[in-house]
Amino acid sequence: MTACPDQEQRLDLHAAGALEDDEALGLIQHLEGCEGCRQALASSLELLSLVALPALSPQEKTELQELPRRTLSEWRRGARRQGLGLKTLGALVATAAAVTVVLLVPGAWRLPGLGPAETPVTATAAPATDAEELDAETMAAIEAWAGLEPLDAVLLEDSEGWDEALDFDVGETL
């Protein structure tokens, strides 16, 4: 015998325990009078028993109970590591900024009174004007000290030459 076609889906759901109480009651009443549906339900129950998971061992139960605590502990440990990483990065950036200031700002690292005596500026010294230029020997000494290539005289006189000389990609210099 075979199960009633309109009851097949309900039989499988009942075998899996997924039917609502009122639907299960209607199916049980139907099963009392239908031998084919009883056999179909029995075969569904047998099939589901074959694929059912075995009961958890005591060790598995303990592991399952400890899982939320271990997960929270690992999450906190990761957050702590990330916080330490950010603090370390912040300290490195602050140190780099301080070193940059000391190296680039003249006199930033000297304490007053400990350095060489400063010579007072006399009133007779006239400020340099745009018309005064450095002589070629002084310019060559500055370029050699800075490790630069000598500047081209034509480039200095030509304003368009400056645009070409300064046209470079910042990424290439870093």
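**Exercise 1. Classify V102 and place it in the chain.**

V102 is partly exposed, because its relative accessibility is 35% and the class lies between buried (under 20% relative accessible area) and exposed (over 50%), with a 1.4 Å probe and protein chains only. The model is predicted: local features need pLDDT of at least 70, side-chain atom pairs count only at pLDDT 80 or more, and totals for chains, interfaces and linings use all residues. Residues are numbered from 1 along each chain as its sequence is written, and side-chain values use heavy atoms, without hydrogens and water.

Next, the location. V102 sits in helix α4, residues 58-104. Helices are DSSP runs of H or I with at least four residues, numbered from the N terminus.

**Exercise 2. Find what Q7 touches.**

Start with position: Q7 lies in the segment before α1 (8-16). Then burial: Q7 is buried, because its relative accessible area is 8%. Finally, contacts, meaning heavy atoms within 4.5 Å. Leaving out residues up to four places away in sequence, Q7 touches L27, H30 and C37.

**Exercise 3. Describe E20 and its charged surroundings.**

E20 belongs to the loop between α1 and α2 (21-33). E20 counts as exposed because its relative accessible area is 54%. On the surface, E20, D21, D22 and E23 gather in a patch of negative charge.

**Exercise 4. Summarise the whole chain.**

Count the elements: the chain has eight helices and zero strands. Then take burial: 9% of the 174 residues count as buried. Last, contacts: of those with a separation of 6 or more, 41% join residues 24 or more positions apart.

Key:
Helices (H or I, at least four residues) and strands (E, at least two) are DSSP runs, numbered from the N terminus. Patches are made of residues with over 30% relative accessible area and no salt bridge: like charges are joined within 9 Å, nonpolar side chains (Val, Leu, Ile, Met, Phe, Trp, Tyr) within 5 Å. Accessible areas come from the Shrake-Rupley method with a 1.4 Å probe; for residues, only the protein chains shown count as cover. A salt bridge is a side-chain nitrogen of Lys or Arg within 4 Å of a carboxyl oxygen of Asp or Glu. Lys and Arg count as positive and Asp and Glu as negative; His and the chain ends are not counted. The place of a charge is taken as NZ of Lys, CZ of Arg, CG of Asp or CD of Glu.
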